[in-house]
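Visitor: Please take me through one sheet in close detail. Which strands form it, and what packs on it?

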Amino acid sequence: MTDTIRIGNCSGFYGDRFSAFREMLEGGPLDYLTGDYLAELTMLILGKDTFKDPNLGYARTFVKQAEDALGVALEKGVKVVVNAGGVNPRGLADKLREVAAGLGLDPAIAHVEGDDLRSQVADLGLLDETYGNPLTANAYLGGFGIAAALTHGADLVVTGRVTDASVVVGPAIAHFGWTPESYDELAGAVVAGHVIECGTQATGGNFSGFLDLPRRDQPLGFPVAELSSDGSMVITKHEGTGGAVTVDTVTAQLVYEIQSTRYLNPDVTVDLTSMRLEQLGDDRVAVRGVTGSAPPEQLKVCLNYFAGFRNAAEFVVTGLEADAKVAWIKDQVESALGPEGSAGRPAKVEWSGVRTVQPDADTEEGASMLLRVTAFDPSADKVGKGLTAPIIELALASYPGFSVTRVPGPGTAYGVYRPAYVARSAVQHTVVHHDGTTEVVPDPVTAAEPADPTEGQRPSPYPAPTDTLTRRLPLGTFVHGRSGDKGGDANIGLWVRNDGHPKYAERVTWLTKFMSRRRVRELIPEAADLEIEVYVLPNLGGVNVLIHGLLDEGVAATARFDPQAKGLAEWIRSRLVNIEGNVL
């Protein structure tokens with residue numbers, strides 16, 4: 001057994017770069033190659049696939065990736081772990097055996113199951129008063145099932161809904177022989193998994209410091225975690241690939257969708273304030289000192305419900321009297337749809353905000369704005385012709401310059417996401433080994449009490465800056481950011497740029513004092529009436545902000561133009577704020 005293993009990632013979502021599977025196998029040494037294909041929305045998409053064909057429900061692109069390069073993995077002795085099984089891991093494992101046989105290969109393929117709770121929704125109280133039975137109901141499993149499959153000799157392990165980090169935690173457990181009580185080591189593996197799970201987001205993708213990245217003319221390289229037996233790691237990438245691995249690119253992923261300072265996983269609770277980052281050299285960042293404690297008593301469940309149908313139309317409003325034009329078209333459409341509660345009106349109709357067009361613009365596009373109307377209803381007809389016919393009928397009977405970005409079509413089905421929590425005893429975490437035998441993974445010892453959800457929501461431990469002179473500058477002058485979604489909640493990580501500036505400590509002090517709940521409401525006015533949490537992460541030089549309900553009922557059910565809050569951090573960074581002179 002070696003003291004360090006190299007675990008790579010080849011996918012951060014269903015639809016990521018197809019060639020990455022082969023590129024990672026051929027680009028440099030690896031012991032394990034992992035792929036994350038699942039998100040809340042992906043589970044909804046895969047659940048809908050099973051209505052077309054019950055044999056589907058898995059990420060079909062991985063079948064093609066395996067057909068292309070599974071032989072390379074076997075030749076090099078690289079073990080593969082992916083959560084591409086979605087809602088049908090057994091089906092994917094069977095399909096992969098069929099594909100491998102067609103290629104003349106005989107890999108040992110195992111799969112992990114037990115996360116699917118659809119047969120237990122009534123007993124577990126998972127029926128929704130509004131939407132009824134969930135389309136998908138999957139508990140987030142940990143890494144010990146994956147570890148058992150690898151220890152039993154699997155070359156390829158397929159899972160359903162494990163946590164994103166578990167595809168890294170499992171290989172580490174198998175290799176190093178960790179026990180369920182190896183909390184610090186497990187916590188380190190969870191951090192490693194979290195950093196590399198989103199693929200190139202750890203090497204410069206979706207990174208607010210993108211202008212400083214080298215080799216932006218090349219595809220970004222996928223990340224590799226060199227994980228040691230004590231849970232420490234070095235994050236890197238294959239030599240010669242695009243992008244970079246720096247303290248900032250790693251921090252960007254560490255603060256991505258983490259919520260509080262305690263990162264709850266099925267195998268361990270990670271203290272996110274414990275880790276330390278250090279740049280060791282080009283494209284090499286060490287992460288040390290991660291500590292963990294017993295995992296939570298309950299398992300989180302991802303629930304997706306069929307909610308009905310949605311549709312949208314987008315109007316182009318150009319030139320003078322834009323506000324009056326917007327008011328008229330809204331009145332016309334609303335009148336055609338009928339009053340609230342009327343028989344033909346969709347259950348929910350939402351209009352986008354209105355912005356001011358540029359005066360004396362030198363292009364027509366600059367003189368225009370987009371106005372969007374979105375409708376939701378259990379009936380496809382009400383958001384189909386019930387919405388589109390009245391809009392098209394106004395083409396010659398409304399504001400001057402009337403046009404739409406596209407001819408509205410029929411409505412599309414959508415779902416809503418709900419998180420839930422169930423007792424571990426309700427979930428049978430099961431491994432189906434490559435030889436057909438099965439193994440049930442026992443539950444670990446858990447924390448007697450759940451972690452205090454308010455922990456970390458405390459004032460900065462640093463003294464307040466003393467210089468009262470300020471300059472009004474964009475927050476992003478020296479602050480990086482990354483944002484994303486967790487169901488209907490938006491998560492924003494903000495941290496001070498690690499550029500060796502002599503006033504780095506003072507800047508961290510300023511940022512952690514500045515980003516209060518009140519300040520978040522000032523910077524994001526639409527969050528004024530929402531619940532907001534702010535967590536200080538002094539070891540990462542920043543804060544994490546959680547805004548509950550900003551995304552309504554999740555990515556598929558919100559009318560926001562940025563439904564996953566991916567641009568929210570960039571908007572905040574562009575806002576002008578008063579920055580004390582002693583930090584500039």
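Guide: Two strands pair if DSSP finds at least two bridges between them. This is a predicted model. In it, 3 strands form an open sheet. Their order is β9-β10-β13, and the pairing is antiparallel.

Start at the edges. β9 covers 262–264 and β13 covers 291–293. Each has a single partner strand, so one side of each is left without a neighbour in the sheet. On average, neighbouring strands here are turned by 30 degrees against each other, direction ignored.

Now the β9 side. β9 pairs with β10, residues 269–271, over 3 bridges in the antiparallel sense. Arg 262 has Asp 271 in β10 as its bridge partner. A helix also packs on the sheet: α7, residues 183–196. Helix α7 touches β9, β10 and β13. Its direction makes about 115 degrees with that of β13.

For covalent links, look beyond the sheet. A disulfide is a covalent bond between the sulfur atoms of two cysteines. A search of the whole structure finds 0 disulfides. Take Cys 10: the closest cysteine sulfur, in Cys 198, is 13 Å from its own sulfur, too far for a bond. The cut-off is 2.5 Å. Cys 10 is buried, at a relative accessible area of 1%. Cys 302 is in no disulfide either. For Cys 302, the nearest cysteine sulfur is again that of Cys 198, 15 Å away. Cys 302 also counts as buried, with 0% relative accessibility.

Terms used: Residues numbered from 1 in each chain as written. Predicted model: local features only at pLDDT ≥ 70, side-chain atom pairs only at ≥ 80, totals over all residues. Heavy atoms only, no water. Helix = DSSP H or I, 4+ residues; strand = E, 2+ residues; numbered from the N terminus. Axes fitted to C-alpha atoms, helices over the stretch in contact; angles between N-to-C directions. Contact = heavy atoms within 4.5 Å. Buried < 20%, exposed > 50% of the residue type's maximum accessible area, 1.4 Å probe, protein only.
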